[in-house]
Amino acid sequence: MSRTDTFRERRFGLFVHWGLYALAARHEWVKQRERLSDEHYQRYFEHFDPDLYDPEAWAEAADRAGMRYTVLTAKHHDGFCLWDSELTDYCVSGTPYGEDLIGPFVEAFRRRGLGVGFYYSLLDWHHPDFPIDGLHPAYVEGGNLPERDVTKYADYLHGQVDELLTRYGPIDTLWFDFSYSKRIRQGKPVYGGKGKAEWRSAELIEKIRGLQPDILLNDRLELPGDFTTPEAYQPTGPIGAVWEACQTLNGSWGYYRDNHTWKSPDMLIKMLVDSVSKDGNLLLNVGPNGRGEFEPRALETLREIGDWMRSHSRSIYGAGVSEFEAPADCRYTQRGDRLYVHVFSWPFRHLHLPGLAGKVRYAQLLNDGSEIRTWAPDPAYDNGQVHAIAIPEDTLTLELPVEPPDVAVPVIELFL
């Protein structure tokens, strides 16, 4: 199986956004949003001590939820590094915690057979050579900005990627974020926006391929990657040959204590199904708190997703887009000769599937394996409930129980 085939077969992953911003507990962009100075932000560095950090517990929660891989923020926009980097003191070794966070994470997830990836921000609001631009916390429109040498920062960026790819064994994905040389904000280009020229993206990709030829790269270096990454929205159709939607549990990627815009488990399961029905993956984010734990509501959401995945995962793993068109309020996924009907809105008694008459040998509810009776229209017959003459001849009708099964999203498995 190719590396992209493996990636697509896994379908469902865990994104982890974690860093100093967990102590502020009000969004991972808090330094930029609130224009915090380096001196102010330093308080989080000086108090970062996640004494309850247990990567085995994180891996167990991901595994139980049915996730097959993970991506951890090795460095976010604030420049803080979760590993003991030789290129900066602004890393975990200088905090009260003092120990590498990435190594134990990698080992815990690998022990459960889960794929491992790293997120690395191309921005750096702490590095002295990163030029101040319109997204930088220190930017003041029309102010006198200090001269900085982005080539020195690019050397640093390349060096840190080298560290990440030589210390922790084979890595499945490298998830960069983000390029913005052409970004429009409030109707005008972002001042000093950066992209492939500043990151020296072609050179960086060549280095990465030399260190780990089998790694998958996303599409945020302003050069084509191995997969595309729609963020915080569900595309209306496939985006490229290999793609992965990333979504949050609430309105923030990092831990946000007072944010209550949580998505329901049912909604998140539908997002997963929707992604797979369009041949994509879903990377679902959790933001651990400052002591290194997933908050209770995040764990409960993952448990509920896992309950659904336990009996429905074969409609997800290794499944993808179907040649058949699903009816309204349904999504199809297909794996070989198995077609899965995910029913987002349960109808009364009958579900009509265009184009499937004569193509299904058996049907059952996936949650309990109970038979679903089927029939195709006969223009000469009226059973008193459904007028067959009004149904297209190529339609297969499923006779459903009045009450839906007690699961987040009912699934009917069709044997073609």
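A residue is called buried here when its relative accessible area is under 20%, and that cut-off is used throughout this tour of what is a predicted model.

**Stop 1: the sheet, starting at its edge**

Select β8 (244-247), where E244 and C246 on one side and A245 and Q247 on the other are all buried, so that both faces of the strand are covered. Keep β8 in view and add strand β9 (residues 281-286), which pairs with β8 in the parallel sense over 4 bridges; within this pairing, Q247 stands opposite L284 of β9.

Now widen the selection to the whole sheet, which is open, has 7 strands in the order β7-β4-β3-β2-β1-β9-β8, and shows parallel pairing. Which strands stand at the edges? They are β7 (216-217) and β8, and because each has a single partner strand, one side of each is left without a neighbour in the sheet.

**Stop 2: inside the sheet**

Move to strand β1 (residues 12-16), which runs parallel to β2 and is joined to it by 4 bridges. Selecting F15 will lead you across to V71, its bridge partner in β2. From β2, continue to β3, to which β2 is joined by 6 bridges, again with the two strands running parallel; here T73 stands opposite Y119 in β3.

In a regular strand the side chains alternate between the two faces of the sheet. Colouring β3 by face shows G115, G117, Y119 and S121 pointing one way and V116, F118 and Y120 the other way, with all of them buried. Since 7 of the 7 residues of β3 are buried, the strand is largely enclosed by the rest of the structure.

**Stop 3: the nonpolar cores**

In soluble globular proteins, nonpolar side chains tend to be buried together. The largest nonpolar core of this model has 96 residues, and those with the most contacts inside it are W18, I102, F109, F118, L174, F176 and I208. Select L174 and display its surroundings: leaving aside neighbours within four places in sequence, L174 is in contact with F118, V161, L165, I208, I215, L216, L217 and N218. A second, separate core of 19 residues can then be picked out through some of its members, including Y332, V360, A363 and L396.

**Stop 4: aromatic pairs**

A pair of aromatic rings is described by the distance of the centres and the angle of the planes. The model contains 28 aromatic pairs. For one of them, select F48 and F80, whose ring centres are 5.4 Å apart and whose planes lie at 70 degrees, so that the pair is edge-to-face. This pair links distant parts of the chain, 32 residues apart, with F48 in the loop between α4 (38-46) and α5 (55-64) and F80 in the loop between β2 (69-75) and α6 (102-111). F48 is buried at 0% relative accessibility, and F80 is likewise buried, with a relative accessible area of 2%.

Next select F130 and Y153, which form an edge-to-face pair with 5.0 Å from centre to centre and 90 degrees between the planes. F130 lies in the loop between β3 (115-121) and α7 (150-167) while Y153 belongs to helix α7, so the pair ties together parts that are 23 residues apart in sequence. F130 counts as buried at 0% relative accessibility, and K194 lies over the face of its ring, at 4.8 Å from the ring centre. For another charge over a ring, go to R68, whose charged end sits over the ring of Y317, 3.5 Å from its centre.

To return to F48, select the cluster that ring pairs build from W18, F45, F48, Y53, W58, F80, Y90, F105, F109 and F294.

**Stop 5: helix α4 and a loop residue**

F45 of that cluster leads into α4, where Y41, Y44 and F45 are buried. These three cover an arc of only 105 degrees around the axis, which puts them on the same side of α4. The buried residues of α4 pack against α2 (21-24) and α3 (30-33).

Finish at A65, in the loop between α5 and β2, which is buried with a relative accessible area of 0%. What is A65 in contact with, leaving aside its neighbours within four places in sequence? The residues to display are F12, L302, I305, G306 and M309. A distance drawn from the C-alpha atom of A65 to that of H27, 38 residues apart along the chain, gives 24 Å.

Conventions:
Residues are numbered from 1 along each chain as its sequence is written. This is a predicted model: local features need pLDDT of at least 70, side-chain atom pairs count only at pLDDT 80 or more; totals for chains, interfaces and linings use all residues. Side-chain values use heavy atoms; hydrogens and water are left out. A nonpolar core is a set of buried Ala, Val, Leu, Ile, Met, Phe, Trp, Tyr and Cys residues joined through side-chain atoms within 4.5 Å. Buried means under 20% relative accessible area, exposed over 50%, partly exposed in between (1.4 Å probe, protein chains only). Contact means heavy atoms within 4.5 Å. Rings of Phe, Tyr and Trp (its six-membered ring) pair if their centres lie within 6.5 Å; planes under 30 degrees apart count as stacked, over 60 as edge-to-face and the rest as tilted. A charge sits over a ring if NZ of Lys or CZ of Arg is within 6 Å of the ring centre and within 35 degrees of the ring normal. The arc is that of the directions from the helix axis to the C-beta atoms. Two strands pair if DSSP finds at least two bridges between them.
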